[in-house]
Amino acid sequence: MPSPGADEVVIKVSAAGLCRTDLTILASNSEAWPDPPFTLGHEIAGVVSEVGSEASLLHPGEAVIVSAINFCGSCEMCVRGRDHTCRNMSHIGYGVGLDGGLAEYVVVKARHVVPLGDLDPRTMAPLGDAAATAYHAVSEAAPALWPGTTAAVIGVGGLGSFAARFLQELHGVRVIAVDTSRERLEEAALAGAAHTVVSDEGLAARLRELGGGRVDAVLDFVGSSQTLAAGMAAISSAGRVVVAGIGGGEIVLGWERMPRNSMFVNSRGYTRADLAEVIALVRGGRIDVPQTHYAFDDVERAFEDLRSARVRGRAVVLPNG
Ligand code: NAD
Ligand code: ZN
């Protein structure tokens, strides 16, 4: 049973969401990811169980969600509200270098906690990465989008399915959903996607055809060389390709290769404000949070379902039953 430092709180974990990044960390020897041992689980919702002496704004019994981004709160980027780009990020966050939420209890800094109010922490974990990161990625594409424009979302899994919702609900954008999984495409169609496309070699041409000759933005939650190339080949002038997928792909960019005034954006993480805004959208009934629950003892099966794209919504583990 951990105890909190002065500026920390202990959270009894109600739910911890699983992310494809967890699978990448488990499989990787790259220096891009922290060395074990640490506890995985970077989508954490729960109930405050103990507060440190300087964390008095939080109260035992309060339902909260944890920021997956380990921002300092006081560097020049943090004070400008760009805490996803914090200058002092020694570890990426809980579950990625620091002990995370696949545990009955987790200790976090009070500044990384956002109150959930009357929302049930058992069903809110996916907001802590899937929804907030997708929301941020959509904000990076937003200058190229307005009602009636077209965006393709490549990889409509945990993150991408939220991106499609935000594009449709908040921006009035026609979404072309792209995936290799027919189940994921069916879910996307039910959630309002205008078109669904099975990802293959002819992807860019197919996107332009379905967009009536224009694709204003591509949000890539896969990030393979194939999807990066398709995204750049599909967008129109002034279009944006926003890449959040950690697929290890590479692409050659250049003045003569890119459409006029287009942008290629690397989108990592989200701000505390993004997290607060997705919570407000859920509270207002603007988006749902689809998920499949797993018992703590079934973590391996949950990862296996995620690996083989068999999960409906986000895979969420309940460490305290
Ligand atoms: P997920 O497995 O839930 O979703 C990925 C989807 O992509 C699946 O539905 C899968 O069927 C589909 N897919 C796989 N290959 C494809 C292809 N070639 N073309 C089209 N679709 C394909 O994963 P997730 O948890 O939503 O994560 C998505 C990506 O985002 C991962 O790479 C993850 O590591 C990354 N991620 C990035 C950030 C960030 O800050 N940038 C944060 C969290 C996750
Ligand atoms: Zn900072």
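A residue is termed buried when its relative accessible area is under 20%, with only the protein chains counted as cover. In the predicted model described here, cysteine 72 and cysteine 86 are both buried in this sense.

These two cysteines belong to the site of the zinc ion (ligand 2), whose protein donors are the SG atoms of Cys72, Cys75, Cys78 and Cys86, at distances of 2.3 to 2.4 Å. Along the chain, the donors follow the spacing C-x2-C-x2-C-x7-C. Cysteine 72 lies in the loop between β3 (63-66) and α2 (76-79), whereas cysteine 86, 14 residues apart from it, lies in the loop between α2 and β4 (93-94); the pair thus links distant parts of the chain. The arrangement around the zinc ion is tetrahedral because the four donor atoms subtend angles of 103 to 117 degrees, and the criterion for four donors requires all angles to lie between 85 and 135 degrees.

Ligand 1 is surrounded by 28 residues, of which Arg20, Thr21, Asp179, Gly269 and Arg314 are the closest. Nine residues of this shell are nonpolar, 13 are polar and six are charged. Several contacts involve oxygen atoms of the ligand. One such atom is 2.5 Å from a side-chain N or O atom of arginine 20, and an oxygen atom is found 2.6 Å from a polar side-chain atom of arginine 314. At isoleucine 246, by contrast, a polar backbone atom is involved, at 2.8 Å from an oxygen atom of ligand 1. On its own, ligand 1 has 850 Å² of accessible area, and the protein covers 89% of this area. The elements that contribute two or more residues to the shell are α1 (20-27), α4 (158-171) and α7 (225-234).

Terms used
Residues numbered from 1 in each chain as written. Chains lettered and ligands numbered in written order. Predicted model: local features only at pLDDT ≥ 70, side-chain atom pairs only at ≥ 80, totals over all residues. Heavy atoms only, no water. Near = heavy atom within 4 Å. Polar contact = N/O pair within 3.5 Å; in protein donor to acceptor, adjacent residues only side chain to side chain. Areas by Shrake-Rupley, 256 points an atom, 1.4 Å probe, with all protein chains shown as cover. Helix = DSSP H or I, 4+ residues; strand = E, 2+ residues; numbered from the N terminus. Nonpolar A, V, L, I, M, F, W, Y, C, P; charged D, E, K, R; others polar. Donors = N, O, S within 2.8 Å, 3.2 Å for Na, K, Ca; no water. Tetrahedral: all angles 85-135°; square planar, octahedral: opposite > 155°, others 65-115°. Buried < 20%, exposed > 50% of the residue type's maximum accessible area, 1.4 Å probe, protein only.
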